Amino acid sequence: MKVAVVGATGLVGGEMLKVLAERQFPVTELIPVASEKSVGQEIEFQGKKFKVVSMDDAIAARPEVAIFSAGGTTSKEHAPRFAAVGTIVIDNSSAWRMDPTKKLVVSEINAKDLTPEDKIIANPNCSTIQMVVALNQLHAAYKVQRIVVSTYQSVTGTGKKAVDQLLEERAGQTASNPAYPHRIDLNVLPHIDVFEDNGYTKEEMKMVKETKKIFGDDSIRVTATTVRIPVMGGHSESVNVEFAEEFDLDEVREILRRTEGVEVVDDVKNNVYPMPKDAHGKDAVLVGRLRRDESQPRTLNMWVVADNLRKGAATNAVQIAEKMLEMGLLK
């Protein structure tokens, strides 16, 4: 199977190559694609060297699947060109997520709804993915009514420029090419993406809109505060969820243990709870600090952590391709 990875030289692109190899996706020919300045550069995949090619050359090769992680503008322009030659595009940008003609897919939740007509498939925002994976089976059992979520997001979510800023500041230097409007080391920025007219950031509104679309339920009320913190390895979230039905805490734990893609890490007596350093390099969504909200009925508090480059991006994209292969939609 010919597989194109668009944005192969970036942080998420590199993770996609790693995940394709680890999960033994049946790649017979890899087509790494990046910006014009990277064309000709070599990357390694499964012990072999592959030259980065241009977008036009990749489209001419007619890959069966193209996994995009190259930004919304690139996706808007080039995803339809790949689709036009019969390639299935799995796109990691925000370009197609809220397009009513495109499906927004988390593999464990709604990949089963994909059809042969779906040529451009949207991968949700990293912070949305880990939250809905954690809530999926609880929603089926008790029906989610309202979510209040605060995120604590890794600098890797911004990209290499942000990682460099953090490391330079941590070494006592002034960042040479800062990604953020303020220092990030020894600081917390309640600001991810641009501010919108309602005072929320675009990242916060992504979580609101994407959650409703993935669950197919516009009645779910969501409010989010997204925050950047000086860590690498994964995003953390404090999730306060109100259900329509009453729940039993032991049953909640059991449901989560059975939930595909979730690992329960919840033993506070022994100081065991999810942390970004433990999520790093893992595909599972870690869930812990499970407790009732004692201020109102039918409401649960949970702490949710995942590697944003993996389950939040690369792994989910590859899992979508795997599901399509399983369903006979990729050949």
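So, to start: how many of the nine residues of β11 are buried? Eight of them are, so β11 is mostly covered, where buried means under 20% relative accessible area, exposed over 50% and partly exposed in between, using a 1.4 Å probe and protein chains only.

Quick housekeeping. This is a predicted model, where local features need pLDDT of at least 70 and side-chain atom pairs count only at pLDDT 80 or more, while totals for chains, interfaces and linings use all residues. Residues are numbered from 1 along each chain as its sequence is written, and side-chain values use heavy atoms, with hydrogens and water left out. Helices (H or I, at least four residues) and strands (E, at least two) are DSSP runs, numbered from the N terminus.

Okay, back to β11 and its sheet. This is an open sheet of six strands with mixed pairing, in the order β10-β9-β11-β14-β13-β12; two strands pair if DSSP finds at least two bridges between them. At the edges you have β10 (221-228) and β12 (262-264), each with a single partner strand, so one side of each is left without a neighbour in the sheet. From one strand to the next, the twist averages 25°. For angles, axes are lines fitted to C-alpha atoms, for helices over the stretch in contact, and the values run from 0 to 180 degrees between N-to-C directions.

What does β11 pair with? On one side, strand β9 (residues 144-153) runs antiparallel to β11 (residues 235-243), joined by eight bridges. If you want to find the register, Ser 150 has Ser 238 as its bridge partner, and Val 144 stands opposite Phe 243. There are also eight antiparallel bridges between β11 and β14, with Glu 237 opposite Val 304.

Now the helices on that sheet. α7 lies across β9, β10 and β11, at about 145° to β10. Helix α8 (residues 249-258) packs on the sheet too, touching β12, β13 (285-292) and β14 (299-306), and its direction makes about 175° with that of β13. Contact here means heavy atoms within 4.5 Å.

Just before α7, have a look at Thr 201, which sits in the loop between α6 (160-170) and α7 (202-215). Thr 201 counts as buried because its relative accessibility is 0%. Its side chain reaches the backbone oxygen of Ile 192 at 3.1 Å. That's a polar contact: a pair of N or O atoms within 3.5 Å, where within protein one must be able to donate a hydrogen and the other to accept it, and residues adjacent in sequence count only if both atoms are side-chain atoms. Leaving out residues up to four places away in sequence, Thr 201 touches several others, including His 191, Phe 195 and Thr 226.

On to the cores. A nonpolar core is a set of buried Ala, Val, Leu, Ile, Met, Phe, Trp, Tyr and Cys residues joined through side-chain atoms within 4.5 Å. The largest has 54 residues, and Phe 82, Leu 138, Ile 147 and Met 302 touch the most other members. Helix α5 (residues 126-142) gives the most to this core, eight residues. A second, separate core has 35 residues, among them Ala 8, Leu 17, Ile 43 and Ile 67. As for Leu 138, beyond four places in sequence its contacts include Phe 243, Ile 255 and Met 302.

The other sheet is also open with six strands, but its pairing is parallel: β2-β1-β5-β6-β8-β7. Here β2 and β7 (103-104) are the edge strands, each with a single partner, so one side of each has no neighbour in the sheet.

Strand β1 (residues 2-6) is largely enclosed by the rest of the structure, because four of its five residues are buried. β1 pairs parallel with β2 (residues 29-33) over five bridges, and Val 5 partners Pro 32. The route from β1 to β2 goes through helix α1 (residues 11-22), and this β-α-β crossover is right-handed: with the strands pointing away from the viewer, the path from the first strand over the helix to the second runs clockwise. Four parallel bridges join β1 to β5 (residues 65-68).

Last stop, Leu 330, in the segment after α10 (310-326). Leu 330 is buried, at 4% relative accessible area. Leu 330 and Val 65 are 265 residues apart in sequence, yet 7.9 Å apart in space, C-alpha to C-alpha. And Val 65 itself stands opposite Ile 88 in β6.
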